[in-house]
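Let's walk through this structure together, with a look at how its two chains meet. Keep the 3D view open as you read.

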Amino acid sequence: MQVKIVYPKVKKRAPSQSAVHLVFSIIFGIAAVVCGIVNLCVGGKAWSIVVAASLLVVWRCFFMIPLIENNLISLLTRITVYTCALLVLIGVLLSPGWSEFVITVIGFSLIITLTLIFVVSFKKQKRNFITVAWVSLAALIALICSAFGLLHLGWPMIVLGSVAGGAIILGTALMRKQLLLELKKRFHR
Amino acid sequence: MVYNAYIKKMTGGDNVQKDADFLQLYDNAAPEDKLLLDRYFAELSSLISLPQKYKRAMLADARAALAYYHSINLPVKTALERIKSEKLGTFYCEEPTEWFPLDNAAKVYPLSMRKTWMAIFRLSFYLTEPVVPALLQLALTFTVKRFPVFATTIKTGIFWNYIDSSRRRFAIKPETKTPCMPLNVSTNSAKAFRVVYFENRVSLECFHILTDGLGGTVFLKTLIAEYLRLLGKEIPCTHGVLDISALPLPQEQENAFKKMTKTSLGQGFVGKSSAQMRGKLAKFRPAQILHFDFDITELKEAAKNNDATITALLLAIMFVASKKATDKTNKSIKIQVPVNMRKYIPSQTLRNFSMYCSIDLPYEQIYDVRSILPLIREQLIQKGSREEMEIMMTAATQLVSLLKNVPMIIKKPIAGLVYGILGDRMFSSTLSNLGIVLVPREMRQYIEKMDFVLASSTLNRAACSFVTIGSTSTFSITKTTDDPCFENEFFSVCRSLGLNVNVSGSYKYASKDCLSKG
């Protein structure tokens with residue numbers, strides 16, 4: 001059977017299951033297991049869990065890139081949320097007492113950054129406001145929790161709450177009716 | 001050089017060199033033509049309210065088209081009449097507000113897509129002359145506004161994905177990648193389709209989330225009709241060619257699954273796993289694309305001689321070829337056949353509206369084409385009946401209702417697993433028959449043939465599709481293995497039935513021969 005070639009030579013072939021992914025997953029897996037064994041042998045604090053979680057964070061942030069809505073706002077949010085989760089883990093397992101303060105500072109820094117991106121390129125980012133809204137809402141919930149004594153109510157928490165409230169008010173003022181439409185789209189069933 | 005300054009302002013100066021042909025035209029134009037050009041670009045500019053990079057590119061597109069017309073000595077006035085700015089309408093200057101929930105069939109595609117795989121299909125028209133990219137680009141710019149579902153980007157909701165309208169320049173590209181390669185749909189206004197060209201072929205590669213083969217055909221026909229109009233041909237808006245100056249109809253965007261009659265029983269998505277053809281799954285997919293061109297009269301004659309429809313005959317040939325390409329097994333060979341629901345429930349929708357039936361034969365029962373044709377014919381009638389389709393549509397609707405309150409974060413991993421693994425295991429192959437594509441008589445003379453290509457699947461070694469235009473029918477195979485057994489046997493069975501077949505296709509993408517040096 002003679003096949004007449006009617007397709008061009010290609011510059012790029014369709015991606016295969018990336019060899020890079022495979023190599024890194026093996027390296028990360030081995031590293032996590034070895035750390036676990038060493039940790040068990042030498043005893044002490046469970047630092048190997050932090051190592052494994054760090055590897056997972058790197059994997060999730062740089063190897064498992066979302067196929068839909070991978071914009072600047074969601075990228076920054078994703079990396080920050082994973083980093084904060086890692087800090088919580090470090091705080092719980094290795095050195096308690098500082099993580100809540102640091103995470104709160106990171107939190108309001110994130111909201112300020114996201115709001116700046118949103119406002120500066122409003123036309124481009126207006127349909128990504130929902131991510132800013134989610135982060136701000138989470139920050140407000142944290143503030144409410146601290147008001148009830150569940151979290152420490154220091155100056156960073158007050159700034160976090162204020163910045164979150166400001167971001168929501170600003171977003172609502174800029175979006176107006178579009179915000180309702182955006183919510184309708186996001187929550188449609 | 002007033003216009004030179006204008007272009008510098010509009011393009012930021014970088015593209016002036018690229019516009020040399022146009023500048024030559026402008027410099028040599030008569031004063032009245034210069035006036036017409038100035039007026040045209042001022043109008044065009046006022047109709048585009050997009051980010052600067054898109055606006056500059058769209059103005060450059062118009063200049064490229066005018067430069068082409070100049071090269072064929074078309075008067076400026078006639079050229080401007082062909083690409084008149086009114087064809088843009090207000091589409092590129094209005095704020096996009098539309099959004100579309102996914103139809104029932106489309107809901108699974110974003111859940112099951114991966115970096116390396118997306119449910120993409122490809123439709124191509126082979127023209128009688130090489131493509132003029134400058135005109136094809138303008139044709140796409142003018143055509144998209146008639147298809148609001150195509151001018152969208154995919155977004156993630158809490159419970160389902162949806163498509164949100166977006167405005168951008170929808171660019172054509174020369175074909176430099178493997179067919180049906182996944183699209184990057186992750187950026188802010190990323191589109192879910194691509195239009196590529198190679199020599200005399202124009203192809204639409206479309207993520208199934210937007211439409212099915214029929215909707216894609218309407219889009220491509222309308223695009224090609226507009227392209228031919230830009231070439232100066234008179235093409236009427238008949239035979240599925242839509243009028244691009246008309247407003248899109250709401251019924252073209254409807255989720256037609258909602259029109260179905262619900263049956264009390266809903267079933268049809270789960271079944272036993274089927275036999276898979278042998279051959280190592282290729283690292284790069286598709287491994288190869290093959291097209292078998294038939295003369296429709298010969299094919300009809302062969303089908304008639306065997307008292308069968310063309311679909312049944314092709315299925316029979318596929319079963320015989322699949323048996324040859326499958327190691328002896330106690331499993332059945334099953335071929336998935338999509339069914340266009342528009343034939344049962346009238347609908348003008350240009351979105352997905354198809355279900356599928358499964359034709360299966362035990363391995364031992366497959367001897368030759370003639371012996372299995374009655375069985376295939378019977379199964380096609382029974383399993384492709386309206387009642388069976390309604391049962392399956394009820395199941396689809398029930399599944400959507402069941403999952404509608406489950407957040408995406410839970411749904412996505414499960415759906416991906418079920419669709420990618422179980423879905424593919426249930427079938428040995430697919431045959432999607434788009435049927436006879438009709439185009440206006442005035443357009444027909446400029447179209448050589450058409451082909452229809454399915455995306456490669458996860459496990460199935462071959463996915464087949466079939467389409468007819470004019471006197472040429474094209475059977476296409478998307479392969480995921482380098483093992484040539486299936487297509488070789490398919491070819492020999494066709495020859496044994498007295499069918500003349502012209503085979504064309506791609507390089508084997510695993511080989512280094514397929515890579516260009518540039």
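A good place to begin is a single pair of side chains: B:Asp164 and A:Lys185 form a salt bridge, with 3.0 Å from N to O. Please keep in mind that this is a predicted model, so the distance is a computed one.

How many salt bridges does the rule find across the interface of chain A and chain B? There are four. Polar contacts add to the picture, with 20 residue pairs found across the interface of chain A and chain B, both partners at pLDDT 80 or more.

Now turn to the chain A side. Three elements each supply at least two residues to the side that touches chain B: strand E1 (4-5), helix H5 (122-125) and helix H8 (177-187) of chain A. Which of them gives the largest share? That is H8(A), with seven residues. By character, the residues on this side of chain A divide into 15 nonpolar, ten polar and 15 charged.

Stepping back, you can see the whole interface. Here 40 residues of chain A are in contact with 63 residues of chain B. The size of an interface is often given as the accessible area lost when the parts come together. For chain A and chain B, the buried area is about 4800 Å², and 59% of it lies on carbon and sulfur atoms.

Next, follow the backbone from one chain into the other. E1(A) runs parallel to strand E15 (residues 502-505) of chain B, and two bridges join these strands. Within this region, A:Ile5 stands opposite B:Gly505 in E15(B). E15(B) also has a partner in its own chain: strand E8 (residues 288-295) of chain B pairs with E15(B) in the antiparallel sense, over four bridges. There, B:His291 stands opposite B:Ser504 in E15(B).

Finally, how confident is the predictor about chain A? The mean pLDDT of chain A is 92, and 96% of its residues reach 70 or more. In chain A, E1(A) has the highest confidence, at a mean of 96, whereas H5(A) has the lowest, at 88. As a reading habit, where pLDDT is low, the predicted coordinates should not be read in detail.

Key: Residues are numbered from 1 along each chain as its sequence is written. Chains are lettered from A and ligands numbered from 1 in the order in which they are written. Side-chain values use heavy atoms; hydrogens and water are left out. Contact means heavy atoms within 4.5 Å. Buried area is the accessible area (1.4 Å probe) that two parts lose on being put together, summed over both. A polar contact is a pair of N or O atoms within 3.5 Å; within protein, one must be able to donate a hydrogen and the other to accept it, and residues adjacent in sequence count only if both atoms are side-chain atoms. Ala, Val, Leu, Ile, Met, Phe, Trp, Tyr, Cys and Pro count as nonpolar, Asp, Glu, Lys and Arg as charged, and the others, Gly among them, as polar. Two strands pair if DSSP finds at least two bridges between them. pLDDT is the predictor's confidence in each residue, from 0 to 100.
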